[in-house]
Amino acid sequence: MKQTQSIFLTGYVTIKIEGHHPELFFDLCARNGIFTWNIKRTSDTVCQGNVRLNDISHIRAIRRNTVYKVRFLRKKGLPFIFKQFFYRKPLIVSLLMSVLFVFLLSNIVWDVKIKNVHPELEKRIDNQLNQYGIHPGALKFTIGSPGEIQQKLLTDIPELLWVGVTEKGTTYHLEGVEKTVVEEREDAGARNIIAAKEGVIVDMFVSKGQPMVEVNDLVKKGQLLVSGELGRKNVKEEEKKDEKKQQAKKLVTAEAEVIAKTWYESKVNIPLEVNYDVLTGENKVKHYLRLGKYLLPIWGFKNPDYDQVQIEAEESTFNFLKWEIPISYVKQNVQEKNIVSTKRTKAEAVNDGIKQAEKDLQNILGNNATITFEKVLHERMERGKVKLTLYFTVYENIAKNQPISQGD
Amino acid sequence: MKIWRKHIGNWLAHHLELPSDVILELPRITTIGQLHAYIENHKGLLLFSDNELRLNMQYGYLKISGKDFVLKMMLPEEILLEGTISEIKFIDNENKER
């Protein structure tokens, strides 16, 4: 019965044979290698049976040498269903249209919901989203990913501390946290100020507390700079005389800025030859449809004749109802780049090294520190690189708070 | 000559335990109750109607009778018959009964 298994796919025809001893026609077919089945004798001179669609031409050839009459009764199978289906064009068109319509509707933003922010900020977020093109009725694949929206919102609305964007089907949910200015707690408790680093004091601005060092003093790391115990020296002197007075010493929260000169040594390696990429500004945008692994170009077929390229790709997915379909739209921006290699002299390299080290140091110390370059302690050439040991002096605030233990 | 060959074939089938349908070119008939009859190695269809099927064999013909006969499958040397089988009869050429 193997022969009849996939017969529906290839199609078959019921034929009717008329003539004297019609069953012999089927015997003839069998001799010629044509497979027939479900053969019935309906009357004395009539026989009917099924043959494969592919064998119809052979049947015709066989019939030509005989006296039988062959009639086709029923056509069955997929090829005939297809044929019938394509006769009804309006049906197909409307079916396609409806699928397309549902597809389109599934890729439209229906709602944007903003939560957890006060109405004023909500309005601003809404306006900002409108500028990005996110509003009910917008096509979803022109909008960036939720992550991108988050980034943009955070930079454009500084009042937002955090914003969470989630995409749930056709609605965007936004949840925001506002920045609230928390007033610094006034009562920080009694504390001293000690040195965070070793250095020579250049300037002191003490707003509360008793200074224990003077300008031009060399202080060590951890040394007491400003005391939170007012009249500490006095107490010490009087200690022997009246111990009970110690209880009376007044504790305050020391507040001061102590600018000191500190020293830093840093090591940098500067190569004499540098390669870096420069975008020329020439670019070409390509559009693709992605099916699993394959990229199907839909616009921008030509490859631009750039030697070196940098490709940026953006991808957006399509939805059908609530499902994500495995086709996505990819926009590639192919940019031409040049690799520029420059050679520097040793002097230039040293200069660049100093600048770089200064920049690195500034990054670590923050904007309040003033860095002045002192000198190059050590300089060495090695495998096309200049190794430098540099010496900097920095004016910075070395004040560090240290709470006074009240001993309870 | 024919008889001689038949004897040799018989001897071979008997003593070498070879399947006799292959050696002697005889039809092999498999029936499932009254419902099906599967005939292999026949030599052509002679007659088929609602209640009778005749198949050619090397020596004579095979007659199957019953009712509601349908040929479920037909290949050059195989036939699957469906219906209600009541009788399977071998008829030799030499002593024709009809």
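**Exercise 1. Decide whether K67(B) is buried or exposed in this predicted model, and describe its surroundings.**

Solution. Begin with the neighbour count: K67(B) has 11 other C-beta atoms within 10 Å. The cut-off needed here is that a residue is exposed if 12 or fewer other C-beta atoms lie within 10 Å of its own, and K67(B) is therefore exposed. Next, place the residue in the secondary structure, where K67(B) belongs to strand β5 of chain B. Then list its contacts: leaving aside residues up to four places away in sequence, K67(B) touches D50(B), N51(B), G83(B) and T84(B). For T84(B), a distance can be added, since the C-alpha atoms of K67(B) and T84(B) are separated by 5.4 Å although the two residues stand 17 residues apart along the chain.

**Exercise 2. Work out which elements of chain B supply the side that touches chain A, and how that side divides by residue class.**

Solution. Start from the totals, which are 16 residues from chain A and 13 residues from chain B. On the chain B side, at least two residues each come from β3 (45-49) and β5 (61-75). Of the elements of chain B, β5(B) gives the most to this side, namely six residues. Sorted by class, the side of chain B that touches chain A contains nine nonpolar residues, together with two polar and two charged ones.

**Exercise 3. Determine in which sense β2 of chain A and β5(B) pair, and name the bridge partner of I39(A).**

Solution. Recall that strands of a sheet pair through backbone hydrogen bonds, either parallel or antiparallel. For strand β2 (residues 36-41) of chain A and β5(B), the pairing is antiparallel and extends over three bridges. Within β5(B), I39(A) has L71(B) as its bridge partner.

**Exercise 4. Trace the open sheet of four strands in chain A, and identify its edge strands.**

Solution. First write down the order of the strands, which is β10-β12-β8-β22 with antiparallel pairing. The edges are β10 (210-211) and β22 (399-403) of chain A, as each of them pairs on one side only. Turning to one pair in this sheet, strand β8 (residues 191-195) of chain A runs antiparallel to β22(A), and five bridges join them. In that pair, N192(A) finds its bridge partner in Q402(A) of β22(A).

**Exercise 5. Summarise chain A by its secondary structure, its share of buried residues and its contacts.**

Solution. Counting elements gives nine helices and 22 strands in chain A. Of the 408 residues in chain A, 16% are buried. Finally, among the contacts in chain A with a separation of 6 or more, 67% involve residues 24 or more positions apart.

Definitions and conventions
Residues are numbered from 1 along each chain as its sequence is written. Chains are lettered from A and ligands numbered from 1 in the order in which they are written. This is a predicted model: local features need pLDDT of at least 70, side-chain atom pairs count only at pLDDT 80 or more; totals for chains, interfaces and linings use all residues. Two residues are in contact if their C-beta atoms, placed from the backbone, lie within 7 Å. Ala, Val, Leu, Ile, Met, Phe, Trp, Tyr, Cys and Pro count as nonpolar, Asp, Glu, Lys and Arg as charged, and the others, Gly among them, as polar. Two strands pair if DSSP finds at least two bridges between them. A residue is buried if 20 or more other C-beta atoms lie within 10 Å of its own, exposed if 12 or fewer, and partly exposed in between; C-beta atoms are placed from the backbone.
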